[in-house]
Structures are given as C-alpha cells and as structure tokens.
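This report describes the domains, a helix pair, the ligand shell and some local backbone features of the structure shown below.

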Amino acid sequence: MFTPDSPVHHALVQHQLRLAQVPTTQLFDHDPNRVQAFNCQAAGLHADFSKHRVDANALNVLIQLAESADLITKRDAMFNGEVINHTEQRQVLHSILRARHAHPTLGHLQTDVSNTLDRMATFVDAIHSGQWRGFSHLSITDVVNIGIGGSDLGPQMVTEALAPYQTQVNLHFVSNVDGADLAQTLDKLNPATTLFVVASKTFTTAETLTNARTARRWLLAAAGTEDATAKHFVAVSSAVARAVDFGITPDNIFPLWDWVGGRYSLWSAIGLPIALACGMPVFEQLLAGAEAMDQHFASAPLLENMPVIMAVLGIFYINYWHCDTHAILPYSHYLGSFTKYIQQLDMESNGKTVALQGTASSGHTGPIIWGEVGTNGQHSFHQLLHQGTRIVPVDFILPLTTPAVSAIDTETLKHHQAQLVANCLSQSRALMLGKSRVQAEQEFRQMGIPDAEACALAPHKMMPGNRPSTTITMHCLTPENLGALIALYEHKVFVQSAIWNINAFDQWGVELGKQLCNEILPVLTTDAATAFDPSTNALIQRYKDAHQ
Ligand SMILES: O=P(O)(O)OC[C@H]1O[C@H](O)[C@H](O)[C@@H](O)[C@@H]1O
C-alpha cells in the first residue's frame, strides 16, 4: 500500500532530496557500469533507464515500495482471474486473449477465445477471397470501423502502426458523433463495396449507435432493401442481444466478454479491423508479442522487470519530484497515434482519487500523458521540455530500422532513418546535459556579441539539463514488437495502480458526462424547458438562437 508515513516513503523523500543535487552526468561518473545496470531487455524491446535521476540505492527502495504494496500478489491475482475490478465485480483477463499456453484454471475462457479467433479467421478469409459479397454481388473493398474509446483507438493505432503489413481492404475509422466524421468517410465510399464493423462492448454508447444508424440509412438508401444490412454490417460486442435488436444478424456478431476492459480490448475481436487490414497471421503475431511481455512481467525479478521499473520511476517523479505530466515521444511515423492510445490506457485507468477501500488516495495518481511523434514535436513543444519551469519525464520510443517502402529507394530511406535516430538521441542527450552559463556566454561571443552583453544574454540560452528520459528501442516495428510495446504500457499502468492502491479497471468519471448528456439532449431537440445551472441554460439558449 502507498502509505505516506512508511519508512519506504521517508527513504524516498531523502533520496529525492539527495539526487536533486546530483547531475545525471555525475551518476555516470560514479558508476562506470551504469549503462549496463540501468537497462532492461524483454520481448524484443530494450529500455535504457540510465538517463533517469536515480541510482542503485534509490531504485532498490522504489522496488521495496512495489513489494510493500503486495505487487506480486496483486499481479498473480490478475493473471489468475480473481475479481480485481471490485467496483464492477469483474475479472481482468486481457492476458487470456493472447495466452497460447493452457492456463491451469481458465481453460474454458481460452476455448471461447480460440473459437472466436477461428470465427474471425473464417470471416477475414471470406472478405479477402471475395467470397463475401455485398448487396449487388460485388466484393468488399472498404471496411469502416464505427466505435469510440477502446473500441476505436486500439485498432486504429495498430493498423496505422502496421501500415507496411497492410495488403488487403482499405480501412476507415469513425468515432466522433460530429456528423462531419462519418460524412467525410462516406463521401469517399461506394455502399456496394463497403462493410461496417460496429464495435461496442456495451452496445449502448450513444456516439457509436448514432453513427451506425446513419451509416445504415446511407447503405439502405443505395441498396433499396433491408436485406443489405446482413451483407454490410457486422458487430463486435458483449451485448449480443442489443446488437441483434439493432438489426445485425447473430452470425455476424463477434463476442467480447465482461472480463475484457474496453481500453484493453484490441486483442479481442475488437481487433477485427487489424486482421482485415493485415491478415490473421499478423494479428496472431501481435498477440504473440504481447504474450511474451506478459511472461516477462509475470516471471522476471522486480529489479529486472521492464514494466515494473517504468512504473516505479514514474511514481518517483509523480510523488517525489512532483511532476504532473509525462511525455511519450515515438520516433516513428507509424506510431503517430500511439500517444493518443496511451492517453486512454493510462489516464482512464489511473485517473483516480479514491483508494481501493473507498478512502481518498494519498498523493497524486496517474500522470497527464501527452506527446507527438518525433521530430514534429521538436519544432513545437520541445522548447518547454528543455527550458520550461517544469520537469517532464519522457519516453522516447525508437524502432532502429524502418521497413522498405515503394516510393523511396533503400539507401535514401536509410539516410532518413539515420536523421530520425540522430534527432531522437540528441533530444534525450540535450535534456540530460542542458547548457551551462559558460557555454551560453561563449556561444554569444562567437556570434560577435561583446562580452558584457554576452553575459547578460547568457541566461536565455542556458538549459537546466538533468531532465529524465527512458529510451525504448526495438530492431523494427514488427507486429510482435508492437504487441510487446502495448503490453509493456498496460503492465506499467497496472503496477502503478497496485502501488497507489487504486482500481485501474473502472471509469466512473466518464459516466457523469454521459448522464448529463442524456438530460441536455432532449432540451436541445424539443421545446422542453431548460432547468440547469444559469451558465448551461444560457449556452443552450445560444444554441437555440443559432437554430431559429
Ligand atoms: O465499447 P463501448 O461499450 O462502446 O465503449 C466505448 C468507450 O466508452 C466509454 O467512453 C468508456 O469510458 C471507454 O472505456 C470505452 O472504451
């Protein structure tokens, strides 16, 4: 448990005070073995933790913090299917979706999973072979995934990340209830060759159902017959009856289970778009990569456990260095949506103020996650990372090689990749080294600026340095490595929740907005009187005036 008055807590306060006085470069000077000691290798990923503001003593105490929170017991409880999501009375078993080896007690769930994978394979094959035909007997060329949150971000991020593996249908994702999202997608498509995947675990999500109904009207207007729904709509849901009520044929509904959280669901049939775009073998490679990370998390000693080290370092910065935010900066164009995906995973899981027992949690919990692909962020917000008043710990994610592309020859592509890598390594180095007053003055003098003025201007060029980062590298962004990377973050989030003693698997905060939306919507669309707070009433009036 995360108890602020414990000896471990006091030790960490002292370590922070001590380490705040030690430049990171000095940590390297004191420990010639630091690069080897502060790195971790697992499931095709390598993490360099050596640029962090910790030494072996501090890291040992952080690991004690994890031990004192009963991390190992909690981890095993999750993998063994105990009901750890106590507010929803649910097991948390996304790991079963990717477990190839027979689980000692959860074999019945593995059977359901494997039956669903078989159904997915048959379906994907029918689409790819052209055997599945639309209302006018044409085969399917385009698939539109209609879903939001966990029923959108995962498959969207993965298909983008695995773009070099895409050989089959064209994929589109519609999530926003703003009609422009669906309209812009439909504008490009031919109803006769378009298939919709309505992805919703609960099948109650208003945005998804509104988009799905409008898409169905668009289809039926072209097809002229209700029968077309069965040929152009499939669903992924744990609420099969609701999907049937919507008009989707039972044979076209892929199941999902309440032991899979929405933001952990891309490994289930929610990943159908991934299999449709890249093929079932690629989807299975993704699962295999995640399983390799599960095995590492389940068995490696805590001090050599990649998600555990990431998690405890994160806690050190949040609770002892008082860092509020954490940047995720992937140096890969293919990982353009990775940060957005981790935002949901991390912030929806650990954005909590209540401990498991219902009391207020002690200290801050989940970080504010933000970021952008390198090198774009460098020309935008990195200024704040280098010279802003706040320390922002960073994860740099760097595939070392990039897959061949058709429009650029291999040598030129290699040249681009070298520049990308040089940028990534320079950023983590610059964050760590900063720039001293002497260096800054010298640079101004070299520009021909007189001494006195160079001294006066120097503070503007100075950078504090000692800003911490992890660099995660992999040989290439393969499906396996991507699976491992996602699972790494899932487990990092879990470890932090275990130490903060919060439930990472519910999301009651999201519900209030949904409830209030259900109250406001009828007032916007009918003559019902507004009876909310004065600000909301006035805003509703502005909406009504705009629609006079
Ligand atoms: O899949 P659905 O039931 O439609 O839910 C979609 C999303 O809804 C809510 O916003 C939840 O907070 C998310 O965790 C979930 O992924």
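Two residues are said to be in contact if their C-beta atoms, placed from the backbone, lie within 7 Å. Helices (H or I, at least four residues) and strands (E, at least two) are DSSP runs, numbered from the N terminus. The model is predicted: local features need pLDDT of at least 70 and side-chain atom pairs count only at pLDDT 80 or more, while totals for chains, interfaces and linings use all residues. Residues are numbered from 1 along each chain as its sequence is written.

**Helix pair.** In α4, Leu 62, Ile 63, Leu 65 and Ala 66 meet Val 308, Val 312 and Phe 316 of α14. The axes of α4 (residues 56-68) and α14 (residues 306-320) come within 10 Å and cross at roughly 100°. Axes here are lines fitted to C-alpha atoms, for helices over the stretch in contact, with angles from 0 to 180 degrees between N-to-C directions. The two helices, α4 and α14, are therefore roughly perpendicular to each other, a term that covers 65 to 115 degrees.

**Domains.** An automatic or database assignment gives domain 1 (7-68 + 300-433 + 467-500), domain 2 (94-284) and domain 3 (508-546). The C-alpha centres of domain 1 and domain 2 lie 33 Å apart. In the contact between them, 16 residues of domain 1 meet 16 residues of domain 2. On the domain 1 side, the elements giving two or more residues are α15 (338-350) and α20 (479-500), and α15 gives the most, with seven residues.

**Ligand.** The ligand is surrounded by 14 residues, of which the closest are Gly 149, Gly 150, Ser 200, Thr 205 and Gly 262. A residue belongs to this shell if its C-beta atom, placed from the backbone, lies within 6 Å of the ligand.

**Residue classes.** Ala, Val, Leu, Ile, Met, Phe, Trp, Tyr, Cys and Pro count as nonpolar, Asp, Glu, Lys and Arg as charged, and the others, Gly among them, as polar.

| Region | Nonpolar | Polar | Charged |
|---|---|---|---|
| Contact of α4 with α14 | seven residues | no residues | no residues |
| Side of domain 1 that touches domain 2 | nine residues | four residues | three residues |
| Shell around the ligand | two residues | nine residues | three residues |

**Annotated and local features.** An unreviewed UniProt entry places the feature "active site" at Glu 348, His 379 and Lys 514. These positions are spread over 167 residues of sequence and also in space, up to 37.0 Å between C-alpha atoms. Glu 348 is found in helix α15. A cis peptide bond, with omega about 5°, joins Gly 374 and Thr 375; Thr 375 is placed in the loop between β9 (368-370) and α16 (382-387).

How values were computed:
Parallel < 35°, antiparallel > 145°, perpendicular 65-115°, else oblique. UniProt positions renumbered as here; feature names shortened; annotations may be inferred.
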